[in-house]
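Me: I have a model open and want to learn how to read it. Can you take me through it feature by feature?

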Amino acid sequence: MSDAPIEIQEGAIVDQPGGGPEPSRFGPGGVLRRGTIVYTGVTAGRNLQTGHHVTIRGGAVIGDHVVIGTNTVLDGLLTIGDFVKIETGCYLPTHMSVGNRVFIGPCVTFTNDRYPLKMRDAYLRDGPQGAHVEDLVTIGGGCTICPGVRIGRGSFVAAGAIVTRDAPPMSLVIGAPARIEPLPDRLREDNMALSWRDLIPADGDAQ
Ligand SMILES: CC(C)(COP(=O)(O)OP(=O)(O)OC[C@H]1O[C@@H](n2cnc3c(N)ncnc32)[C@H](O)[C@@H]1OP(=O)(O)O)[C@@H](O)C(=O)NCCC(=O)NCCS
C-alpha cells in the first residue's frame, strides 16, 4: 500500500472555494482522476480513489479505502466509512451516513427532503433528513432511497428497489415500493472485495 501523497491528475481540482473554511485533507495513496472536483472542507482517509467527473462538496468525511465512481456527487456534510465502493452515477446528499464495507451500485439516488419545496416551515424546523446505511450493506443498481431511511447492518437492497421504510439488520429489501424480507442464507456472508483481501482479515469485523 502506497504512503505517497494522493495523486491529483491533471484536470482534477482540489480546494474549489465554497466548501468550508479549511483546505481539504487526504490520507496517503489513492488518486483523484481527471475531472474530479473536491471543494474545501473535505476530509478523506488513505487510498481514496475517484473516477472522472466526481464532485465532493465541503463537510464530507470519508474513511480509508473508498472508491467513488465516475459522475458520482457527494453533496457534502455526510460521512462515509472505511472500505466503501460507490459505483458510477450516484447521488449522495447532505445529512446521510454510510458505514463500513458497504457497496452502492450504479445510479443509486439517496434523498434528504421528503416534500421538496413544500412544507418549508417544517423543513426549516427539522432540517434535511438523509438516509443511514449501516455496515456491510449492499445496494443494487438503480435504487432510490427515501429521506431518513435506515438500512440495517448486512442488508441487501435488490436492484431497482425504492426504499421507503427502515429495514432491520439482515433484510432483503426488494421491489418498488420495497418489501422487507429476511435475508436468504446465501446472501449472509460479509462484503469482501477482492482488493480488500490483503487488508481485512478473513474473520475481520466491520468495526
Ligand atoms: C435480488 C437479487 C440478489 C436476487 O438474485 P437471486 O437470489 O439470484 O434471485 P433470482 O434471480 O433467482 O430471482 C428470484 C425472484 O426474485 C425476482 N427478483 C430478482 N431480482 C429482483 C429485483 N431486483 N427486483 C424485484 N424482483 C427481483 C425474480 O424475478 C424472481 O421472481 P420469481 O420467483 O417470481 O420468478 C438480484 O436479482 C439483484 O437485484 N442483485 C443486485 C444486482 C446489482 O444491482 N448489482 C450491482 C453491481 S453491477
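The dialogue below goes through sheets, core, domains, ligand shell and backbone details.

Me: What should I know before I start?
Reply: This is a predicted model: local features need pLDDT of at least 70, side-chain atom pairs count only at pLDDT 80 or more, and totals for chains, interfaces and linings use all residues. Residues are numbered from 1 along each chain as its sequence is written.

Me: How do I read a sheet, and which strands form the one with 10 strands?
Reply: Strands of a sheet pair through backbone hydrogen bonds, either parallel or antiparallel. Strands here are DSSP runs (E, at least two residues), and helices are H or I runs of at least four; both are numbered from the N terminus. Two strands pair if DSSP finds at least two bridges between them. In this model, 10 strands make an open sheet with mixed pairing. The order is β1-β4-β7-β10-β13-β16-β19-β22-β24-β25.

Me: Which strands stand at the edges of that sheet?
Reply: β1 (7–8) and β25 (179–182). Each has a single partner strand, so one side of each lacks a neighbour in the sheet.

Me: How do the strands pair towards the β25 end?
Reply: Take them in turn. β19 (residues 138–139) runs parallel to β22, joined by two bridges. Ile139 sits opposite Val157 of β22. β22 and β24 are also parallel, over two bridges. There, Phe156 has Leu172 as its bridge partner in β24. β24 and β25 run antiparallel, with four bridges. Val173 faces Ile180 in β25.

Me: What links β24 to β25?
Reply: A hairpin, with four residues between the two strands. Gly175 in the turn has a positive phi of about 105°. Pro177 is also in the loop between β24 (171–174) and β25. The Ala176 to Pro177 peptide bond is cis, with omega near -5°.

Me: Which side chains of β24 are buried?
Reply: First, the cut-offs. A residue is buried with 20 or more other C-beta atoms within 10 Å of its own, exposed with 12 or fewer, and partly exposed in between; C-beta atoms are placed from the backbone. Along β24 the side chains alternate. Ser171 and Val173 point to one face and are buried. Leu172 and Ile174 point to the other and are not.

Me: What is the order of the sheet with seven strands?
Reply: It runs β3-β6-β9-β12-β15-β18-β21. This sheet is open, and its pairing is parallel. β3 (25–26) and β21 (150–151) are the edge strands, each pairing on one side only. Two bridges join β18 (residues 132–133) to β21 in parallel. Val133 has Ile151 as its bridge partner there.

Me: How do I read the core, and which residues touch the most other members?
Reply: A nonpolar core is a set of buried Ala, Val, Leu, Ile, Met, Phe, Trp, Tyr and Cys residues joined through C-beta atoms within 7 Å. The largest one here has 49 residues. Ile151, Val157, Val163 and Val173 touch the most other members. Among the elements that give two or more residues are β5 (37–39), β9 (60–62) and β22 (156–157). β16 gives the largest share, three residues. The core draws at least three residues from each of domain 1 (1–77) and domain 2 (97–187).

Me: What does Ile151 touch?
Reply: Contact means C-beta atoms, placed from the backbone, within 7 Å. Not counting residues up to four places away in sequence, Ile151 touches Ala131, Val133, Glu134, Val137, Val157, Val163, Ala167 and Val173.

Me: Where do the domain bounds come from?
Reply: They come from an automatic or database domain assignment. The centres of domain 1 and domain 2, taken over C-alpha atoms, are 24 Å apart.

Me: Which residues surround the ligand?
Reply: A residue counts as near if its C-beta atom, placed from the backbone, lies within 6 Å. The shell is Gly105, Gly140, Gly141, Ala158, Ala159, Gly160, Ile174 and Gly175. It divides into three nonpolar, five polar and no charged residues. Nonpolar means Ala, Val, Leu, Ile, Met, Phe, Trp, Tyr, Cys and Pro; charged means Asp, Glu, Lys and Arg; the others, Gly among them, are polar.

Me: Which backbone angles should I check outside glycine?
Reply: Look at Leu77, with a positive phi near 50°. Leu77 lies in the loop between β11 (73–74) and β12. Leu77 counts as buried because 20 C-beta neighbours lie inside 10 Å. Met170 has a positive phi near 60°. Met170 is in the loop between β23 (162–163) and β24. With 15 C-beta neighbours inside 10 Å, Met170 counts as partly exposed.

Technical notes: Contact = placed C-beta atoms within 7 Å.
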